[in-house]
Amino acid sequence: MAEKKLGLKEKYQLMTRGLDWETTYQPMDKVFPYDKYEGIKIKDWDKWEDPFRLTMDAYWKYQAEKERKLYAILDSFSQNNGQLNISDARYLTALKIWMQGITPAEYNSHRGFCMVGRQFRGAGARVACQMQALDELRHAQTQIHAFSHYNKHFGGFHQAMHMRDRAWYLSIPKSFFEDAMTAGPFEFVTSISFAFEYVLTNLLFMPFVSGAAYNGDMATTTFGFSAQSDESRHMTLGLEVVKFVLEQHEDNVPIMQRYIDKWFWRGYRLLALVGVMMDYMLPRKVMSWAEAWGIYWEENGTALFNDLARYGIKPPKYHEIATAEKNHITHQAWAVFYTACPATGFHAWLPQEYELDWLSEKYGSTFDRYYRPRFAEFARIEREGGRFYTNRLPLVCQTCQVPDFFTEVDNPMKQSIRQYEWQGMKYNFCSDGCRDIFAHEPEKFCQAYIPPQQIYQGNAGGARTLPEYAAWLKCEFGKDSGEYYTSEDYARWKAMHGGNDTTPSSAAA
Amino acid sequence: MATISIGEYKFPPADRIENYGGDINIYVCWEHHLLIPCPAAYRLPPDIALIDFLEQMFRPDHNHHPEYAKIDYATLVWTLDGKPWAPRLDASLRENGVTHMSYLSFRAPGLDGVNGDGV
């Protein structure tokens with residue numbers, strides 16, 4: 001007689017809860033010492049519902065199938081010189097920042113989920129974290145493989161892991177993940193799974209992968225498809241975490257609200273890097289940052305927080321500031337990248353005429369009034385044979401670590417600076433949101449590794465000037481950094497196209 | 001509030017003044033001139049006169065700006081750490097009340113950027 005086959009649900013039950021037990025040689029609180037100190041109260045871990053009910057054997061099967069497809073396409077991309085099909089070599093700045101900033105963050109996310117997978121005493125949560133830990137490791141690896149082909153032809157891809165610990169703009173994602181990893185397990189999952197993966201991930205993934213597709217980058221587009229089903233699993237986990245914790249005890253509500261407030265704001269500040277990619281680095285445009293914010297936060301986010309209202313959760317603090325800033329931050333960020341690019345691992349440039357017009361159209365209320373004149377002045381300097389680079393380190397926010405290019409919501413001509421004094425020392429911030437986060441945990445954020453301060457203290461290989469600092473990043477001016485239109489990348493791109501400048505003249509794909 | 005932790009949680013600030021070898025770190029912003037998009041950071045001795053700082057350190061970073069040459073230092077309207085501030089140009093930063101991690105900003109009346117557009 002054939003053996004009875006287990007149903008999916010039954011199998012999931014046996015392979016997760018069935019493998020768990022109450023310890024007797026040691027008390028459970030000693031075996032799992034980290035899942036109570038944050039003050040989150042869990043009455044019944046069995047109420048954890050994993051919506052996917054994926055078992056490890058099924059997980060390996062699905063992922064192996066996706067890997068086979070992905071690597072077949074990456075091989076073909078490489079053999080057919082796929083780099084020739086991208087819209088313009090300027091597009092690569094988006095990939096370089098991803099490779100330097102986000103890929104290491106995926107790896108840190110892997111480390112974080114390994115830790116919390118060990119720290120939760122509930123078996124369902126542990127299994128979900130285990131799978132996400134593997135996903136994140138896989139994403140870091142497949143991204144490196146997808147981008148590695150470009151490393152054969154272009155600058156800036158060669159030292160991502162070295163730069164990640166040293167570059168000023170990469171301390172933004174680095175500090176985000178290290179803040180999460182050094183928090184308790186519930187704060188970690190709320191920060192990464194909920195605030196980042198559930199609330200904000202569409203703003204990260206959608207523009208990036210669509211941007212790759214619009215700009216002819218088959219390698220990255222295929223990576224995006226291969227990661228898509230993982231991302232939807234991560235999003236579902238994020239929502240499940242929050243609902244589970246909120247349903248367990250009413251005392252959890254204020255703690256979770258604070259986590260949501262903090263991580264929404266940190267996530268939003270991190271996304272400035274994505275916004276500037278959409279508006280300035282993609283030669284073929286997908287949609288503007290302001291449009292994406294409208295759809296993915298103002299519409300979808302509002303619906304989500306309407307749903308969560310029944311648990312007593314309010315929309316994240318300062319979300320209205322984030323919305324008010326949507327017509328400004330990308331233009332401000334690109335001015336920083338344009339003026340500071342010699343101290344990075346990417347190239348920057350002035351937008352082409354068609355791009356200035358596209359920006360005017362998308363940002364009718366702000367671009368022509370506040371930002372086009374600034375680009376016009378940079379252009380005047382270029383016409384007269386110069387190229388304006390800043391030679392001074394900027395003020396960097398103590399919390400989000402973004403150089404403080406932000407301006408007051410009611411006055412786009414005035415820099416937004418906040419100060420907080422703690423134990424006799426002053427700290428400077430870009431916003432009320434970042435100051436509040438610091439004020440809640442000054443013992444933690446006073447330790448932040450703020451790049452300009454570290455350089456001035458002599459901790460950047462002794463560098464005191466920006467060229468010395470760039471050398472310490474292992475970035476060479478003209479090869480990996482500085483103006484695009486005088487770079488080796490641009491020269492090589494032209495050579496690949498018979499000596500012609502193939503810069504697009506329209507935003508349409 | 002304090003950081004919730006599993007044990008004693010006490011660490012020295014990464015940017016404490018002892019790490020600056022007698023110098024201080026300050027930030028300076030020329031308001032309404034966003035060609036340089038961020039306030040700039042300086043490491044300097046607290047005994048430098050404000051005028052010497054402006055001429056020897058701040059000017060070289062801003063000289064490319066068409067309006068910098070028109071600045072009259074005597075008329076600048078200052079704030080220090082967000083509060084109105086009337087420094088003496090020939091006095092040192094220390095004598096003027098500037099401390100480690102201070103934020104200084106000024107406006108030059110009549111100068112509002114190229115074409116008055118804040119650039």
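Student: How many bridges join strand 1 of chain B to strand 5 of chain B, and do these strands run parallel or antiparallel?

Tutor: Bear in mind that this is a predicted model. Strand 1 and strand 5 (residues 103–107) of chain B are joined by four bridges, and they run parallel. To follow the register, look at single pairs: B:Trp30 is opposite B:Phe106 of strand 5 of chain B.

Student: What is the sense of the pairing between strand 1 and strand 2 of chain B?

Tutor: Strand 2 (residues 40–44) of chain B pairs with strand 1 of chain B in the antiparallel sense, over five bridges. Here B:Ile24 has B:Leu44 in strand 2 of chain B as its bridge partner.

Student: In what order do the strands of the sheet in chain B stand?

Tutor: The order is 2-1-5-3-4, in an open sheet of five strands with mixed pairing. Strand 2 and strand 4 (83–85) of chain B are the edge strands, each pairing on one side only. Averaged over the sheet and ignoring direction, neighbouring strands are turned by 30° against each other.

Student: Which helix packs on that sheet?

Tutor: Helix 1 (residues 50–62) of chain B does, touching strand 1 and strand 2 of chain B. The direction of helix 1 makes about 145° with that of strand 2 of chain B.

Student: And how do strand 3 and strand 5 of chain B run, parallel or antiparallel?

Tutor: Strand 3 (residues 77–80) and strand 5 of chain B run antiparallel and are joined by four bridges. One pair to find on screen is B:Val77 opposite B:Arg107 of strand 5 of chain B.

Student: How many residues of strand 1 of chain B are buried?

Tutor: In a regular strand, side chains alternate between the two faces of the sheet. Strand 1 (residues 24–30) of chain B is mostly covered, with six of its seven residues buried.

Student: How many residues of chain B are in contact with chain A?

Tutor: On the chain B side there are 40, in contact with 44 residues of chain A. Strand 1 and strand 2 of chain B each contribute at least two residues to the side of chain B that touches chain A. By type, that side holds 23 nonpolar, nine polar and eight charged residues.

Student: Turning to helices, what span should helix 9 of chain A have?

Tutor: A rise of 1.5 Å a residue gives an expected span of 45 Å for the 31 residues of helix 9 (residues 218–248) of chain A, and this agrees with its end C-alpha atoms, which are 45 Å apart. The same helix 9 has a kink of about 40° centred on A:Gln228.

Student: Is A:Lys243, which is found in helix 9 of chain A, buried or partly exposed?

Tutor: A residue needs 20 or more other C-beta atoms within 10 Å to count as buried. A:Lys243 has 17, so it is partly exposed. In sequence A:Lys243 is 191 residues from A:Phe52, while their C-alpha atoms are 16 Å apart in space.

Student: Which residues of helix 3 of chain A are buried?

Tutor: They are A:Leu70, A:Leu74 and A:Phe77. Among the elements that cover them are helix 5 (123–151) and helix 9 of chain A. As for length, the 24 residues of helix 3 (residues 56–79) of chain A should span 34 Å at 1.5 Å a residue, which agrees with the 34 Å between its end C-alpha atoms.

Student: Where does A:Asn81 take a positive phi?

Tutor: Most residues other than glycine have a negative phi. A:Asn81 takes a positive phi of about 50° just after helix 3 of chain A.

Student: Which residue takes a positive phi in the hairpin of strand 4 and strand 5 of chain A?

Tutor: A:Gln423 does, with phi near 50°, and the hairpin has two residues between its strands. With 9 other C-beta atoms within 10 Å, A:Gln423 is exposed. Strand 4 (residues 418–422) and strand 5 (residues 425–429) of chain A pair in the antiparallel sense over five bridges, and A:Glu421 has A:Lys426 as its bridge partner in strand 5 of chain A.

Student: What is phi of B:Asp81?

Tutor: Phi of B:Asp81 is near 50°, a positive value in a residue other than glycine. B:Asp81 lies in the loop between strand 3 and strand 4 of chain B and counts as partly exposed, with 19 C-beta neighbours inside 10 Å.

Note on methods
Residues are numbered from 1 along each chain as its sequence is written. Chains are lettered from A and ligands numbered from 1 in the order in which they are written. This is a predicted model: local features need pLDDT of at least 70, side-chain atom pairs count only at pLDDT 80 or more; totals for chains, interfaces and linings use all residues. The expected span of a helix is 1.5 Å times one less than its number of residues. The bend at a residue is the angle between axes fitted to the seven residues ending there and the seven starting there. A residue is buried if 20 or more other C-beta atoms lie within 10 Å of its own, exposed if 12 or fewer, and partly exposed in between; C-beta atoms are placed from the backbone. Two strands pair if DSSP finds at least two bridges between them. Two residues are in contact if their C-beta atoms, placed from the backbone, lie within 7 Å. Ala, Val, Leu, Ile, Met, Phe, Trp, Tyr, Cys and Pro count as nonpolar, Asp, Glu, Lys and Arg as charged, and the others, Gly among them, as polar. Axes are lines fitted to C-alpha atoms, for helices over the stretch in contact, and angles run from 0 to 180 degrees between N-to-C directions.
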